[in-house]
Amino acid sequence: MRYAIEEINNRTDLLPGITLGYQMYDACDSIARSIKVALALVNGNTAELTLKECASAAQVQAIMGETTSTLSAAIATAIGPFHIPLISHYSTCACLSDKTKYPSFLRTIPSDYFQSRALAQLVKHFGWMWVGAIRTDDDYGNSGMAAFTETAQRLGICLEYSVPFFRMDPPDKIQKITDLIKASTSKVIVGFLSGMDMDVLLYEFSKHNLSGYQWVGSEGWIFDFQTAARDKTHILDGAIGLSIPKAHVSGLQEFILDVTPLNSSNNDLFIEFWETMFSCEFKRSESAAQVQEECTGREDVAGVKNSFTDMSLMPILNNVYKGVYAVAHALHMILGCNKTCNTDVQPQPLEILEHVKKIHFKTKEGDEVYFNENGDPAAKYEIINWQPKENGIVDFVTVGLYDASLPAGKQLNLQSDLIWARNSRQVPVSICSEPCQPGTRKVLQKGKPVCCHDCVTCAEGEISNNTGSIACVRCHPEFWSNERRDACVKKQEVFLSYEEIMGALLTAASLFGTCLTAIVAFIFFRHRKTPLVRANNSELSFLLLFSLILCFLCSLTFIGQPSEWTCKLRHTAFGITFVLCISCVLGKTIVVLMAFKARLPGGNMMKWFGPIQQRLSVLGLTLIQVIICVLWLTISPPFPFKNFQELRDKIILECALGSDLGFWAGLGYIGLLAILCFISAFLARKLPDNFNEAKFITFSMLIFCAVWLTFIPAYVSSPGKFSVAVEIFAILASSFGLLICIFFPKCYVILLKPEKNTKKYMMGKGASK
């Protein structure tokens, strides 16, 4: 401070003609003494430093200090009502940014609000999600650690423990901290500590050889050469942390070292300092006993290595330098200085405070000085890494920078050449639980922080495709999870296709039945004049064969990928063609019954069921099914549908019925006609005739009914495309049953027993009976 004031007094461009004075006091790290001195400075009662009635005007324009946050908070509270600026060079507690509590406090060192956030981002950068923390039990440590904890939690970092410590704590508390660290699983310790507190802890940790932990330090100790010198057991090797950026004030080092007690022989404090520095004594009288070596006053200060000559403190001294210049620039503006200053103006404390808040200048080294609305400067830090050398000396290497003024994501800038605990080149790992791999999700462990978890495999149909997923994501219904549960794969669309074996076999059976029916029709057409073909109405026989061809062909609409038109066609075509088929069989059965009734005495039934009536009956019965199908298609027609539920890893492409009532009404109507046909044929099976086909119709309808009765439970219980295959099989089986049972016996006679295909044989046999 003295250097800055003398430099200002020698300048002609800053406060020309004005001489700044100063008074310096040592608070001895005492809150009571700090407040006493501050109030004495406010009152001008500095001669005796006694607290008198606060009646006189303020004698100081600003106060520089204090070093610790606790003392600064106490002083700022005491002098706040007087509006005298208090500018600290080393008090970093974020609490001091509260202008409602400390309206006159400013500082030239960044607030711990930024340091705490920077430390949390540094920990996050290296992937240390499970850390321990030790803090100084005062405003500096508690406030800084609270801000660090808040930011760490937001970044997903968990604290295994966070303990306060003060250098005056009893030994048993230090022992508890030591035991806590030994029992912990975290390998990283964040130390938000002052240099003195770290020295005490370091001494105790050395006794227990607590090495191998990765330390992350605040600026309170990370750049302290004395702390590094005391670390004989290399506990802090590889430590990383934030430090005030290095600074240089030209001329300051020479000023500090250019001291001689001869020029200040009347200053007892200066004589005491000289004697302590060189371990000597000035001769006070001839008779005084000489205990130590006599001081000459010509000792070389530059040759002494101690805290006084340690220029590593230059950044802190630079902060004091900036604070003095801030007050000088404020006074320069208030006094309206140009070539001269208006000495008639008496600056008021509040006026000085307001102008200090507004100053913005550059030092001779080019450093910008200004304060934000909270009285804080711009937050910039150097990232320091403790790198031990071969001679056992620790080198404080700058490995990165942190600039809070830059956009998020660009504030932290790190190099890769770092040394970690135990002189390792590999970044330490400090996690509570291993990250969950893709395909698994986190399950928090009961009673532990969120960083401690177990990994559980995702359920079927769910995936997690990144590391550390909290929850599995359910795949879209058209997708399914693979075996590793780390990706959704598109489900295979399945339907009864022509390419697969089952589809090909059913297609071949359908075409075979169609061809076989066509052959039978061709045979009947070639022998249409024969008695066997003409018996029981040949028109119904040909219509029955035609309907059987349609039955065989309609099964093909069930094969292949369902579309809108195939879904509408397959069930309606099946229903109508089968009703046509059963109607023809029912007509032929009724013809047999009517023919027998006509041969009885007085029988005249055939005139009521001649060819026209037979055609009309077939048409009428079929028309009913047509009406059912039309209503079905109009109200709620079948449509293509993707079934995601039936099979977990496949999509079943099927035809939804639309209206279940329409489907079962059409099927029920077929069943009703089949039962009527079966009953009629059963009644006519033993009627006298040489070739009574009622017995064959009975057997065919028995097969037909058996097939469709077993179809219902098989259809309902079959999954996916197999239900379609069951329906096709039922269609083909019943069609083959009708074709074989009704027409094969006649073909046998026509082709192999032509002698029986005569009117004489058929009528003669009937007459003998």
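**Exercise 1.** How are α4 and α5 oriented to each other?

*Solution.* We're working with a predicted model here. Start with the general idea: two packed helices are described by the angle between their axes and the distance between the axes. For helix α4 (residues 112-125) and helix α5 (residues 139-154), the axes come within 8 Å and cross at roughly 45°. Now check the cut-offs: under 35 degrees would be roughly parallel, and 65 to 115 roughly perpendicular. The angle fits neither, so α4 and α5 are oblique to each other. As for handedness, their crossing is right-handed. Residues making the contact include L119, A120 and V123 of α4, and A147 and F148 of α5. Sort the contact residues by type and you get 7 nonpolar, 4 polar and 3 charged.

**Exercise 2.** Is C95 buried or partly exposed? Work it out along with its disulfide partner.

*Solution.* First, find the bond: C93 and C95 form a disulfide, with sulfur atoms 2.3 Å apart. The link is right-handed, with 130° about the S-S bond. Next, recall that buried means under 20% relative accessible area. C93 has 0%, so C93 is buried. C95 has 25%, so C95 counts as partly exposed.

**Exercise 3.** Why does C584 have no bond to C581?

*Solution.* A disulfide needs two cysteine sulfur atoms within 2.5 Å. The closest cysteine sulfur to that of C584 is in C581, 6.8 Å away, so that's too far for a bond. For contrast, take C458 and C472: they do form a disulfide, their sulfur atoms 1.9 Å apart.

How values were computed:
Residues are numbered from 1 along each chain as its sequence is written. This is a predicted model: local features need pLDDT of at least 70, side-chain atom pairs count only at pLDDT 80 or more; totals for chains, interfaces and linings use all residues. Side-chain values use heavy atoms; hydrogens and water are left out. Axes are lines fitted to C-alpha atoms, for helices over the stretch in contact, and angles run from 0 to 180 degrees between N-to-C directions. Helices (H or I, at least four residues) and strands (E, at least two) are DSSP runs, numbered from the N terminus. Angles under 35 degrees count as roughly parallel, over 145 as roughly antiparallel, 65 to 115 as roughly perpendicular and the rest as oblique. A crossing is left-handed if the near helix is turned anticlockwise from the far one by less than a right angle, and right-handed if clockwise. Contact means heavy atoms within 4.5 Å. Ala, Val, Leu, Ile, Met, Phe, Trp, Tyr, Cys and Pro count as nonpolar, Asp, Glu, Lys and Arg as charged, and the others, Gly among them, as polar. Buried means under 20% relative accessible area, exposed over 50%, partly exposed in between (1.4 Å probe, protein chains only).
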